[in-house]
Amino acid sequence: MPNIENAIIALQPKAEFTVCDGVYSGIGWLSPDIPKPTEDEVNAKLQELAQKEKLNDCKQTAKDKLAASD
């Protein structure tokens with residue numbers, strides 16, 4: 001399952017940051033030249049990444065079942 005670090009990396013791949021307790025308020029932003037994503041942006045990216053992961057899991061299950069049926 002994606003976490004807040006995954007979301008931030010997806011939004012700002014060159015940023016340096018720390019995260020305490022896995023929550024937005026625990027983000028320590030270490031890249032003053034890169035804008036910190038808002039909490040809404042991070043939450044939206046988390047949802048997007050979770051949906052992609054679920055879709056990829058379904059695709060893999062389908063591939064596995066197809067391979068097993070051959």
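Guide: One definition before we start: buried means under 20% relative accessible area, exposed means over 50%, and partly exposed is what falls in between. The model above is predicted.

Visitor: OK. Where does E53 fall, then, buried, exposed or partly exposed?

Guide: E53 has a relative accessibility of 31%, so it counts as partly exposed.

Visitor: And which element is E53 in?

Guide: E53 sits in helix α2.

Visitor: What does E53 touch, apart from residues up to four places away in sequence?

Guide: With those left out, E53 touches M1 and P2. The C-alpha atoms of E53 and M1 are separated by 7.4 Å, although the two residues are 52 apart along the chain.

Visitor: How many residues does α2 have, and how far does it reach?

Guide: Helix α2 has 31 residues. From first C-alpha to last it reaches 45 Å, close to the 45 Å expected at 1.5 Å a residue.

Visitor: Which residues of α2 are buried?

Guide: V42, K45 and A50 are the buried residues of α2. What covers them includes α1.

Visitor: A lysine on that list. What's the relative accessible area of K45?

Guide: The value for K45 is 16%, so K45 is buried, given that the cut-off for buried is under 20%.

Visitor: And what does K45 touch, leaving out residues up to four places away?

Guide: On that count K45 touches A7, A10 and L11. A7, A10 and L11 also belong to the α1 side of the contact between α1 and α2.

Visitor: Let's do that contact properly. At what angle do the axes of α1 and α2 cross?

Guide: The axes of α1 (residues 4-11) and α2 (residues 39-69) cross at roughly 105 degrees and come within 9 Å. That makes α1 roughly perpendicular to α2, because 65 to 115 degrees is the range for that term.

Visitor: Which residues make the contact?

Guide: From α1 the contact takes I4, N6, A7, I8, A10 and L11. From α2 it takes E41, V42, K45, L46 and L49.

Visitor: How do those residues divide into nonpolar, polar and charged?

Guide: The contact of α1 with α2 has 8 nonpolar residues, 1 polar and 2 charged.

Visitor: Take I4. Buried or exposed?

Guide: I4 is buried, with a relative accessible area of 6%.

Visitor: What is I4 in contact with, beyond its neighbours within four places?

Guide: Beyond those neighbours, I4 is in contact with V19, G22, V23, Y24, I27, V42 and L46. V42 and L46 are on the α2 side of the helix contact. I4 and V19 are 15 residues apart in sequence and 8.0 Å apart in space, C-alpha to C-alpha.

Visitor: Now N6. Which helix is N6 in, and what does N6 touch outside its sequence neighbours?

Guide: N6 is in helix α1. Not counting residues up to four places away in sequence, N6 touches M1 and L49. Its relative accessibility is 34%, so N6 counts as partly exposed.

Visitor: How far apart are N6 and V42?

Guide: C-alpha to C-alpha, N6 and V42 are 9.4 Å apart, with their positions 36 residues apart in sequence.

Visitor: Change of topic. How many disulfides does the structure hold?

Guide: The structure holds 0 disulfides.

Visitor: What about C20 and C58, buried or exposed?

Guide: C20 is partly exposed, with a relative accessible area of 47%. C58 is exposed, at 53%.

Visitor: On to the loops. Where is D21?

Guide: D21 lies in the loop between β1 (17-19) and β2 (27-29). Its relative accessible area is 76%, so D21 is exposed.

Visitor: What is the phi of D21?

Guide: The phi of D21 is positive, about 65 degrees, although D21 is not a glycine.

Visitor: Last one, P13. Which loop is P13 in?

Guide: P13 is found in the loop between α1 and β1. P13 counts as exposed, at 62% relative accessibility.

Visitor: How far is P13 from Q51 in space?

Guide: P13 and Q51 are 20 Å apart, C-alpha to C-alpha, and 38 residues apart in sequence.

Methods. Residues are numbered from 1 along each chain as its sequence is written. This is a predicted model: local features need pLDDT of at least 70, side-chain atom pairs count only at pLDDT 80 or more; totals for chains, interfaces and linings use all residues. Side-chain values use heavy atoms; hydrogens and water are left out. Axes are lines fitted to C-alpha atoms, for helices over the stretch in contact, and angles run from 0 to 180 degrees between N-to-C directions. Helices (H or I, at least four residues) and strands (E, at least two) are DSSP runs, numbered from the N terminus. Angles under 35 degrees count as roughly parallel, over 145 as roughly antiparallel, 65 to 115 as roughly perpendicular and the rest as oblique. Contact means heavy atoms within 4.5 Å. Ala, Val, Leu, Ile, Met, Phe, Trp, Tyr, Cys and Pro count as nonpolar, Asp, Glu, Lys and Arg as charged, and the others, Gly among them, as polar. The expected span of a helix is 1.5 Å times one less than its number of residues. Buried means under 20% relative accessible area, exposed over 50%, partly exposed in between (1.4 Å probe, protein chains only). A disulfide is a pair of cysteine sulfur atoms within 2.5 Å.
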